[in-house]
Amino acid sequence: MKIQPRQQLLELWEAAARASYRDGVWNWGGRDGSNSISDAEQLLCFMYPASELPGFRLDTPDETADDVLATLAVLGDSVEIPKLLLRVIGQYLRTYTAEDGRPLFSGGSYFRPLDDEAKVTPEQLQLDVVDSFSMSVTLALGTLGFLKVFRQSVRRESIRREIRELEDLASKRLSAAMAGLLRSFTVNAFDPGSTAGRALLRTVNQTGAPTRRVLEDLRRELRPVRAGLRDLTIGSGSQVDLDNENLLFECGWTWGIVKDAPDIVTPLDIGPQPMGVAADTPFLYFTVNALVGIADLFSSRTRVLSLLNDDQITLAQAIQRRWDLTQSYWRTIATFGRGTWPLEDIPWRTVDEKESDYYSLGVTAMVVQSLVNNRAADVDLGRVAAVLEELAIRARITRRAVAGDPPVLMHSPGVPINLHGSDTLGPHLLWVVSDFSITLLKRTIWAASIAQNTRMRERLVALADQIWRHIMLRRHTDGPAAGLWDQPGNAFTDIQVRDEEPSWYFSERVVEFLVSAASSSGEPPLRSPQLVELALQMLGEAEHLLDQELVTRPLVGGQTIQPKLRSIQASLQRARAIVSDRPATAQALISDALLGLERLSAARDSASEAI
């Protein structure tokens, strides 16, 4: 792989530190201003690698790597860096806590009015957004882990007191974010004869089969998901009557707290629970983002460090049920039928009859996540790989864009998402997303991480390399954002907009990708059964020849060759130990051993002829 995740992460950290810490003051906000999401994304550019990768740890000053310290020199030394992070995390947690103690998850400056002449109202700026819930789960868990480990290196009581206060704030924010996710989940049920029903049946019917048969098959396939959704008891999504099996449905997360969503009954201190205004229908973009953040609740690090208390575990289990059901639902819809998958029919069509390659990417992202969790066979993975390759072409990532090419608009200004229900408090709002390329890259590297044969892995890695070259073109080359993202005008000549400040929204997603790539590189290499078989045959021959040499123990040139035989024997023992996991490396050791044995045999023959 041409991507060098450690080096790229170090370069990104250096750029992020330079952009964030200017003249001894932490500088919040970037291209899109300061809000609860952007500021969390800025912090996660540092906290996420430090939490997920041992080589980037900042919570143990004595163990901080030298290259990490050199990279973050602008922030201080190994002792000052974690202290600075304490102060900055404290600023964030206190800034986004209301006077009544409620953690704030507002979209703020990320909201856009549908009408350019309209103005977003103060009440709308404070609306909670699923993106903030998801980011806050990841940030809060990273913060709690960081504080738990850093406390062991601290002796000053003032710092330990600050750590305890931040642990309380981070834990409260985590609890409130989980409650928000439970109140943002939704199930949308509709009649098969309705506009939504006809659209869904048209999407899943890729073979032209009779509608009645497709409907019966779809109901049967979705029966386990329907049963699971009926049993939901905590949060929203449980109000829909799914006992009527004639109805079709879809499930996932809407953009914010659902209108009339019930309060979460919990002993946890999460402050007053705000009223929701979001439409009671799932959005692909917000569903994908929710699934990504929720996954951190069940990570091995969360379990090992015991970052959740008993009451939080109760909420996490309720969220996990929705996580499982949502993935099962979308994988069923995306891969329905025996012929062409609905996923392969690009672009994806939603039940409100809108089509976009971005929607195809969202569904693909959920399918890839499901494949990763279930370690799917390469047959399914090959079909997903073809979709990823097609999306890269259609988005003009792996193909050159021509003047006026419509797909360029997905990258800048981005894909607008109508936030239905937001007009309750003011003008209708939009949420503009421009993360197509980096989301595509993240899903590609995820898929490559579960490939079971080298050919499939190489195919996906080659695609990842191509997408990465495109993303590297979009990096800022000068100004305060140098080394960060996103400057799409570098890759597309049609885009004339040039930004001076970094997009923490895009840069944080690059960090997520690089962490995934670094984690994947730590996995053992793929092994070919054919290579293992060949290595075992070579090993058998080499060990037989070695046994012959050990029996004869001849002298060559008057000197014993026993040390050479011991070296060959050690190489063969090592080869046998690793042959199942690293057959190619084992073959290299065996080849060297065979060459050494052949030289000994040739030397003995030459000595015999001389006599």
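This report describes the fold of one protein chain, from its overall make-up to particular strands and loops.

## Overall make-up

The model is predicted rather than determined by experiment, and what is said below should be read with that in mind. The protein chain contains 21 helices and eleven strands, and its C-alpha atoms fill a box of roughly 105 × 70 × 55 Å when the box is taken along the principal axes. Of the 611 residues in the protein chain, 55% are buried. Among the contacts between residues at least 6 apart in sequence, 73% join residues that are at least 24 apart.

The accessible surface of the protein chain comes to about 26600 Å², and carbon and sulfur atoms account for 49% of that surface. The protein chain carries 65 positive and 78 negative charges, and the mean positions of these two sets are 3 Å apart.

## An open sheet of three strands

One open sheet is built from three strands in the order β3-β9-β8, with antiparallel pairing. The edge strands of this sheet are β3, covering residues 111–113, and β8, covering residues 415–419, and each of them pairs on one side only. From one strand to the next, the twist averages 45°.

Strand β9, which spans residues 429–433, runs antiparallel to β8 and is joined to it by five bridges. Two of the residue pairs can be named here: V415 has V433 of β9 as its bridge partner, while L419 has L429 of β9 as its bridge partner. On the side of β3, three bridges join that strand to β9, and these two strands also run antiparallel; here F111 has W431 of β9 as its bridge partner. Four of the five residues of β9 are buried, and this strand is therefore largely enclosed by the rest of the structure.

## The pair β4 and β5

A further antiparallel pairing is found between strand β4, made of residues 185–190, and β5, with six bridges joining the two strands. In this pairing, the bridge partner of N188 is E250 of β5.

Strand β5 covers residues 248–253 and is mostly covered, with six of its six residues buried. In a regular strand the side chains alternate between the two faces of the sheet. In β5, L248, E250 and G252 point one way, F249, C251 and W253 point the other way, and all of these residues are buried. E250, the bridge partner of N188, is thus named among the buried residues of β5.

## Two cis peptide bonds

The peptide bond that leads from S412 to P413 is cis, and its omega is near 10°. P413 lies in the loop between α15, which covers residues 378–394, and β8; this β8 is one of the edge strands of the open sheet described above.

Another cis peptide bond leads from W485 to D486, with omega near 25°. D486 is found in the loop between α17, covering residues 454–473, and α18, covering residues 504–521.

## Loop residues with particular settings

Two residues have a positive phi although neither is a glycine: D260, at about 65°, and E353, also at about 65°. D260 has its place in the loop between β5 and α11, the latter covering residues 284–295, and with a relative accessibility of 59% D260 counts as exposed, because the cut-off for that class is over 50%. E353 is found in the loop between β6, at residues 348–349, and β7, at residues 355–356, and its relative accessible area of 42% makes E353 partly exposed.

The loop between α17 and α18, which holds D486, also holds D478. At 52% relative accessibility, D478 counts as exposed. D478 and E500 are 22 residues apart in sequence, and their C-alpha atoms are 8.4 Å apart in space.

Methods: Residues are numbered from 1 along each chain as its sequence is written. This is a predicted model: local features need pLDDT of at least 70, side-chain atom pairs count only at pLDDT 80 or more; totals for chains, interfaces and linings use all residues. Side-chain values use heavy atoms; hydrogens and water are left out. Buried means under 20% relative accessible area, exposed over 50%, partly exposed in between (1.4 Å probe, protein chains only). Contact means heavy atoms within 4.5 Å. Accessible areas come from the Shrake-Rupley method with a 1.4 Å probe; for residues, only the protein chains shown count as cover. Lys and Arg count as positive and Asp and Glu as negative; His and the chain ends are not counted. The place of a charge is taken as NZ of Lys, CZ of Arg, CG of Asp or CD of Glu. Two strands pair if DSSP finds at least two bridges between them. Axes are lines fitted to C-alpha atoms, for helices over the stretch in contact, and angles run from 0 to 180 degrees between N-to-C directions.
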